[in-house]
Amino acid sequence: MATETPEKDSNRKLLVVGLIIVLLSINGILIYMQQQKTQENEEQKEIIEVKSTELENQIKVYETLKADFERQNSELKAMGLTNDSLETRIAAINADLAQLRSFRNGSFSLADQKRFKDRAAGLETALKRKDEEIAKLQVANEELHVQNTDLRTTQNKLSDSITTLATDNQALVDKVNLASKLEAQNVRVTILNDKGKEKDDDDMEFKARQVDKIKIMFNLGKNEVAPKESKEIQMRLIEPDGSPLYNLAMGSGTFEHEGKEVFYTSKRDIVFDNSQQQVTFLYSKGAAYKTGKHTIELYSGGYLIGTASFTLK
């Protein structure tokens, strides 16, 4: 059996050492590569987390912008104003929000981040300008409200003054009308029979069977306030049962007295001349007169100006 020489033994040792060195080198390389991969994974995870945080921040920014623009829109509407550009901007922000939320399921690149940041900055600038504009409008609107309130107060005072003036004027008119009211004086009643013969009686009592026509005479008292103008005088001949004689064919009609419609028996149109002129009514019933007390009422301008009574037996 051959023995190994010192030279061969030395070569073997060198080979073993070399193999060990190679194995150690390979193992070192593998460890280094593993460390690099772990680091890359950590960096990638960190990048993903940063992108996710950035995305959520951007979503919050756009949600806040949307709420602010909606607030501005409400403030303008409260002042009775509309702004189509705000409606359009809110719709655009809604579209941006939808796109940002879609990035949760995909990549949110640096280019996307920059694009949305720039858009948000522009929207914030527009928001500030619009807030300044709305603030000025609110001040102007408040001033206008104060002016309108003052104007309404003035109008109310003016309306009250006009109402008071109208009331005073109406009261004055009523006083003038009352002062200018005509007065029937010395009212007398006589009768005419069917032959036209007139009969007078101091007590104004007559036989009913002799009456064909009733004659009423009176004078209009002097009145310096009453204007000299055409006047209408209504006569009511009231029978004993309280009913006024009324016949359209004989010239009867209605007039207003104290807010009520009143029937009259006959009327006369005269021109008042303040001369104590005499006025006469001649009335024919066309049928037998009732016995009992009859009343004569005379009216002009809605006022009762005189009365008288006579009796038929």
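**Entry 1: a charged patch**

I began at the surface of this predicted model and looked up a positive patch, which is formed by Lys-195, Lys-197, Lys-199, Lys-207 and Arg-209. I then placed one of these residues, Lys-197, in the loop between strand S1 (184–192) and strand S2 (198–199). Is Lys-197 buried or exposed? Its relative accessibility is 60%, and residues over 50% are called exposed, so Lys-197 counts as exposed.

**Entry 2: a nonpolar patch**

I next looked up a nonpolar patch on the surface, made of Val-22, Ile-26, Ile-29, Leu-30, Tyr-32 and Met-33. Together these residues have about 610 Å² of accessible area. I noted the place of Tyr-32, which is in helix H1 (residues 6–78).

**Entry 3: the overall plan**

I turned to the chain as a whole. How many helices and strands does the protein chain have? I recorded 3 helices and 11 strands. Read along the sequence, the pattern is α-α-α-β-β-β-β-β-β-β-β-β-β-β. I also noted that the protein chain has 313 residues, of which 29% are buried.

**Entry 4: strand S11 and its partners**

I examined strand S11 (residues 303–312) and found that it pairs with strand S3 (residues 205–206) in the parallel sense, over 2 bridges. In this region Phe-206 stands opposite Leu-312 of S11.

I then followed S11 to strand S10 (residues 292–300), to which it is joined by 9 bridges. In which sense do S10 and S11 run? They run antiparallel. Here I saw Leu-298 opposite Gly-306 of S11. S10 and S11 form a hairpin, with 2 residues between them. In the turn I looked up Gly-301, which has a positive phi of about 65°. As a reminder to myself, side chains in a regular strand alternate between the two faces of the sheet.

**Entry 5: salt bridges**

I moved on to charged pairs. Side chains of opposite charge can pair when their charged atoms come close. The count of salt bridges comes to 20.

I looked first at Arg-101 and Glu-63, whose side chains meet in a salt bridge at 2.8 Å, N to O. This pair links distant parts of the chain: Arg-101 is in helix H2 (residues 84–102) and Glu-63 is in helix H1, 38 residues apart. Arg-101 counts as partly exposed, at 36% relative accessibility. Glu-63 also counts as partly exposed, at 37%.

I then looked at Asp-68 and Arg-71, which form a salt bridge at 3.8 Å, N to O. Both lie in helix H1, 3 residues apart, which is about one turn of the helix. With relative accessibility of 23%, Asp-68 counts as partly exposed, and Arg-71, at 31%, counts as partly exposed as well. I added that Asp-68 and Arg-71 are linked with Glu-75 and Asp-131 in a network of salt bridges.

**Entry 6: a pair in helix H3**

I looked up the side chains of Asp-112 and Arg-115, which meet in a salt bridge at 3.2 Å, N to O. How far apart are Asp-112 and Arg-115 in helix H3 (residues 110–179)? They are 3 residues apart, so about one helical turn separates them. Why does Asp-112 count as buried? Its relative accessibility is 15%, and the limit for buried is under 20%, so Asp-112 counts as buried. Its partner Arg-115 has 36% relative accessibility and therefore counts as partly exposed.

Conventions:
Residues numbered from 1 in each chain as written. Predicted model: local features only at pLDDT ≥ 70, side-chain atom pairs only at ≥ 80, totals over all residues. Heavy atoms only, no water. Patch = residues over 30% accessible without salt bridge, like charges linked within 9 Å, V, L, I, M, F, W, Y side chains within 5 Å. Areas by Shrake-Rupley, 256 points an atom, 1.4 Å probe, with all protein chains shown as cover. Salt bridge = Lys/Arg side-chain N within 4 Å of Asp/Glu carboxyl O. Lys, Arg positive; Asp, Glu negative; His and termini not counted. Charge placed at Lys NZ, Arg CZ, Asp CG, Glu CD. Helix = DSSP H or I, 4+ residues; strand = E, 2+ residues; numbered from the N terminus. Buried < 20%, exposed > 50% of the residue type's maximum accessible area, 1.4 Å probe, protein only. Pairing = 2+ DSSP bridges.
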